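Subject: Structure for your review

Dear colleague,

Please find the structure below, together with its sequence. My notes on the charged side chains follow it.

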Amino acid sequence: QVQLVESGGGLVQAGGSLRLSCATSINAYSLTAMGWYRQAPGKQRELVASITRIGSTNYADSVKGRFTISRDNANNTLYLQMNNLKPEDTAVYYCNTYPSRPNWGQGTQVTVSS
C-alpha cells in the first residue's frame, strides 16, 4: 500500500513561514503528478497546489505568490514552502497524487495565529 507521510507543520504567527515535506512510496513517483491539499475545520478538503512530473505548477488563487510547491524525484519527496502565512491558512495539510487517490496520509497540522 502506498505510504504518504507529511511533516513540517506547526504553530506560526501571521506573516511567518513553514516548509512542509511529504515522503512517499508511490511507484514511479517521478512520472506522477502530485498535489498538496488542505482541510480546515468544518470545510471540505481543497487542492492548494499541484506539480506535474516535469515540474509545471499550479496554485489556488488564495495562495498564489505565497506558496511554492516543488519535488525531489530522486528521493520521492514533495515539498510546500509557505511564506507570508495568514490565519485562513490554518488547516491540516495533506499530499497525494493529482488527481488524488483514495489513500491519504495522516496530514500535518498548520496553525497560523493572528
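Please bear in mind that this is a predicted model. My notes concern its salt bridges and begin with the partner that is partly exposed: Glu46, whose relative accessible area is 35%. Glu46 pairs with Arg38, and the closest N and O atoms of this salt bridge lie 2.7 Å apart. Arg38 itself counts as buried, since its relative accessibility of 6% falls under the 20% limit.

Arg38 also takes part in a salt bridge with Asp89, where the closest N and O atoms are 2.9 Å apart. Asp89 sits in the loop between β8 (77-82) and β9 (91-97), whereas Arg38 belongs to strand β4 (residues 34-39); the pair therefore ties together parts that are 51 residues apart in sequence. Both of these residues, Asp89 and Arg38, are buried.

Asp89 has a further partner in Arg66, with 2.7 Å between the closest N and O atoms. This contact, too, links distant parts of the chain: Arg66 lies in the loop between β6 (57-59) and β7 (67-72), and Asp89 in the loop between β8 and β9, 23 residues apart. Arg66 is buried, as is Asp89.

Through shared partners, the salt bridges join Arg38, Glu46, Arg66 and Asp89 into one network. The count for the model comes to four salt bridges, including the Arg38 pair with Glu46, the Asp89 pair with Arg38 and the Arg66 pair with Asp89.

With kind regards

Methods. Residues are numbered from 1 along each chain as its sequence is written. This is a predicted model: local features need pLDDT of at least 70, side-chain atom pairs count only at pLDDT 80 or more; totals for chains, interfaces and linings use all residues. Side-chain values use heavy atoms; hydrogens and water are left out. A salt bridge is a side-chain nitrogen of Lys or Arg within 4 Å of a carboxyl oxygen of Asp or Glu. Buried means under 20% relative accessible area, exposed over 50%, partly exposed in between (1.4 Å probe, protein chains only). Helices (H or I, at least four residues) and strands (E, at least two) are DSSP runs, numbered from the N terminus.
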